[in-house]
There are 2 protein chains.
Amino acid sequence: MKNKIPALFLLLALLISSPANAQTFGAQTATLANGMEIIVIPNHRAPVVTHMVWYKVGAADELPGSSGMAHYFEHLMFKGTKTIAPGAFSQTVRALGGNDNAFTGRDFTAYFQSIAKQHLPKLMEMEADRMVNLAVPPAHFISEKNVVLEERRQRTENDPRNLFTEQMRSALFVNHPYSRPVIGWMSEIKIYEWDDVKKFYDTWYAPNNAYLVISGDVTLEEVLPLAEKYYGALTPKDLPSRIRPEVPPANGRAHMNLYHASIKQPSFQRLYIMPSAAMNEKDALTLQVLEEAMSGGSTTRLYQSLVVNQKKATGISMSYDGSALDYASLWISATPALGVSLEELESLIDVEIAKAVQNGLSETEVQDAIQRLQDAAVYARDSVAGPAMIFGRAVTTGSTVENVENWTDNIAAITTEEVSKAAQTYLNPETPWLRPPVTGYLLPEEKPVQEAEE
Amino acid sequence: MKNKIPALFLLLALLISSPANAQTFGAQTATLANGMEIIVIPNHRAPVVTHMVWYKVGAADELPGSSGMAHYFEHLMFKGTKTIAPGAFSQTVRALGGNDNAFTGRDFTAYFQSIAKQHLPKLMEMEADRMVNLAVPPAHFISEKNVVLEERRQRTENDPRNLFTEQMRSALFVNHPYSRPVIGWMSEIKIYEWDDVKKFYDTWYAPNNAYLVISGDVTLEEVLPLAEKYYGALTPKDLPSRIRPEVPPANGRAHMNLYHASIKQPSFQRLYIMPSAAMNEKDALTLQVLEEAMSGGSTTRLYQSLVVNQKKATGISMSYDGSALDYASLWISATPALGVSLEELESLIDVEIAKAVQNGLSETEVQDAIQRLQDAAVYARDSVAGPAMIFGRAVTTGSTVENVENWTDNIAAITTEEVSKAAQTYLNPETPWLRPPVTGYLLPEEKPVQEAEE
């Protein structure tokens, strides 16, 4: 391959985008001839890098009946290739003083290592190798399935909060793969075989379905020849389209109760379906500001009203995450003060929401929220791994490098009127967006049904 | 084809099953060489027949994102073949003094005609023709889509009861195609194209994926040469397996409220997931008896307690349908008496259920229920079309001809202990089977959320 590099390198250099104005992160981008996209976020404070490969495939791309396969497959990626023994990938990273891991989302699967910059070529060599040469010995295939089943037992079956989240999601994201847990349903994890998993790998793992994202003490100029050498040699594939049905509109209001022995303190949960940044970038930004204005710390209205003034809750939070190829969600969680029922707490939360819907938010609330969000972006810029995470997540959920770079400016441009309008559009219980939220009460175990009287 | 008939006929005659003992319907069965199965239920009271073709494909076999295709396709089957003009199929049936129609379920699609027996060959000729020669003109493809969309508007969007049923099902049958409405989601009906529909037809419509079920004034001996002539000439296909994921267990109790302007009278609904006859034949029979014992008319305990004695409801019913390839369901519906809240009604229904779970049912209740069920079977036998419906539905949902024939004997064998045990197993709210039921309140429109106070 060496003879080919200079010519390709010249071609690739033309694809490098050089943003004209100052950006938050100063990310540099390029695309290899085989379609693999590269994002480099230079940060020269220390001679270290975070190297990530993000695949545009996640739990929402699994076939019906094969839930959890993307995550299980992520585990298998550590179990050996034609030339690297099971476990040797991570051992090598650790021997070089680095650390590595991976994670699976609904829309992406990501692998990452943080290490001293001189070891970048070795990481790329190994990461490119497992993109195409995976060869898991059957014994590991079986034992890793038990690892995943145990992971599900511990994190979900034995954790009522996660169990309830899973069940509330399944009631909200009707007809859509986001209704499935990323780790998969127990009965389905058990049944898929190596052939199914291999097909998943053969279908989705390809350079043209991946982003290489590197942050730290490098520049695109340094990265590009290495990327071309290791990843550029891989053959692209014909990729299938990602099948994502629509969530049908509904008007039935859903409420769920989960009674569980290990719950000591009841809690209130509410899950709304919301537009994602991929669906509506402007509204997603506005919802970020709305969330921050209503519940970004102890000075904001939800905490002030329910915890400080009325003393009806010991905690309350609202959280919107717009990073999704399809639908996003907004959670409200609250813990009642001693002696306060969840019904009472819910009605008081509904009053706060009605106020926001009817009266909007104040200029001060919105401007303070924007300031806090911008401050957080400054902190994010200083980390080595953080920016790689931010860019990888954005581009694999339908957003762009430009949107990330311009995020602080775009957030600053959101007006109080827009935030108030978003409250009206997305939080009004009389006119829910797409479908009403699912409300959940997580409760200590008890006998909720009256005994027979005879 | 004529020369081939005698030899094939001989072969086929060997496949005819002749039940040794007296059966309820006296059904006769055979299988054509191409895999098409035949059930004939003779009834010689009048010189008429009901001719049905049942395909082993339904709404639950649709691909994600293509809900409603089985039903839409059923409409298109009336829109012409290579030799029969759009609409001419039904016109021909009517011109011969008969009537025809079709229906789509989750596990099957069925086409039927009732007509004087001498016209059976013509029906078979036309039905066999559209099994393989469908050729729908594009204009009809488009106009029929509007017919289906309008059907959904009228029957679902504008009918809060059906809308609520749809939404309760989607909350119960998590991760399973039974969560989808047979007619499909509006947004998905709109998008499939002729190529998708043609692929559905090419995949599933084949003689080896169909049952021919004929009831009325014929015998298998008369039917077989005709069936061989018309259907036996068709080529079988390689059929895909039917992908049916499992419903994952859950313990969160779901409650839904639907407020709707056209609801004048509130109602209580509860939907349980239950084993089907295909899953557990014995338990399905027992659940039929349990349902009949608890709510089979005005003398049974639910009606007596809630309507007659306590006067808290004006109506109450329990209904179990075990005909499903996968999961079955049990509904409880009730209408409160004037001034009774749905909360109060629900707690009283829960008391009745708790009594059945804890104390079981009485010998008299169970024996009376069995008698009523057996009486109903006798009536069913006398109808012409009824038996064809019963057999077609049974065999396309995983049951057998033998089970239908022996149904009255099998029902008679159910004991009071078994019925009481079924109440404990399937209705106990403390230990739900697989997952708790979804409870629904259908309510007149109102503002359920408190207004802001300022």
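The contact between the two chains takes 43 residues from chain A and 43 residues from chain B. The model is predicted.

**The two chains**

The size of an interface is often given as the accessible area lost when the parts come together. Here chain A and chain B bury about 3,700 Å² between them, with 55% of that area on carbon and sulfur atoms. Chain A is superposed on chain B by a rotation of 180° with 0.0 Å of shift along its axis, at an RMSD of 0.0 Å. That is the relation of a two-fold axis. The same surface serves both copies, since 100% of the contact residues of chain A recur in chain B.

**Salt bridges**

Side chains of opposite charge can pair when their charged atoms come close. How many salt bridges are found across the interface of chain A and chain B? The rule finds 0 there, while a search of the whole structure finds 48 over all chains. In one salt bridge, B:Arg244 pairs with B:Asp107, and the closest N and O atoms are 2.8 Å apart. The two residues lie in distant parts of the chain, 137 residues apart. The table gives their places.

| Residue | Loop of chain B |
|---|---|
| B:Arg244 | between helix H9 (220-230) and strand E7 (253-260) |
| B:Asp107 | between strand E4 (99-104) and strand E5 (109-116) |

**Two helices in chain A**

In chain A, the axes of helix H11 (residues 301-309) and helix H12 (residues 342-359) come within 11 Å and cross at roughly 145°. The crossing of H11(A) and H12(A) is right-handed. On the H11(A) side, A:Arg301, A:Leu302, A:Ser305 and A:Leu306 take part; they meet residues of H12(A) including A:Leu345, A:Ile349 and A:Glu352. The residues of this contact comprise 6 nonpolar, 1 polar and 3 charged.

Note on methods
Residues are numbered from 1 along each chain as its sequence is written. Chains are lettered from A and ligands numbered from 1 in the order in which they are written. This is a predicted model: local features need pLDDT of at least 70, side-chain atom pairs count only at pLDDT 80 or more; totals for chains, interfaces and linings use all residues. Side-chain values use heavy atoms; hydrogens and water are left out. Axes are lines fitted to C-alpha atoms, for helices over the stretch in contact, and angles run from 0 to 180 degrees between N-to-C directions. Helices (H or I, at least four residues) and strands (E, at least two) are DSSP runs, numbered from the N terminus. A crossing is left-handed if the near helix is turned anticlockwise from the far one by less than a right angle, and right-handed if clockwise. Contact means heavy atoms within 4.5 Å. Ala, Val, Leu, Ile, Met, Phe, Trp, Tyr, Cys and Pro count as nonpolar, Asp, Glu, Lys and Arg as charged, and the others, Gly among them, as polar. Copies are superposed by least squares on the C-alpha atoms of residues with pLDDT of at least 70 in both. Buried area is the accessible area (1.4 Å probe) that two parts lose on being put together, summed over both. A salt bridge is a side-chain nitrogen of Lys or Arg within 4 Å of a carboxyl oxygen of Asp or Glu.
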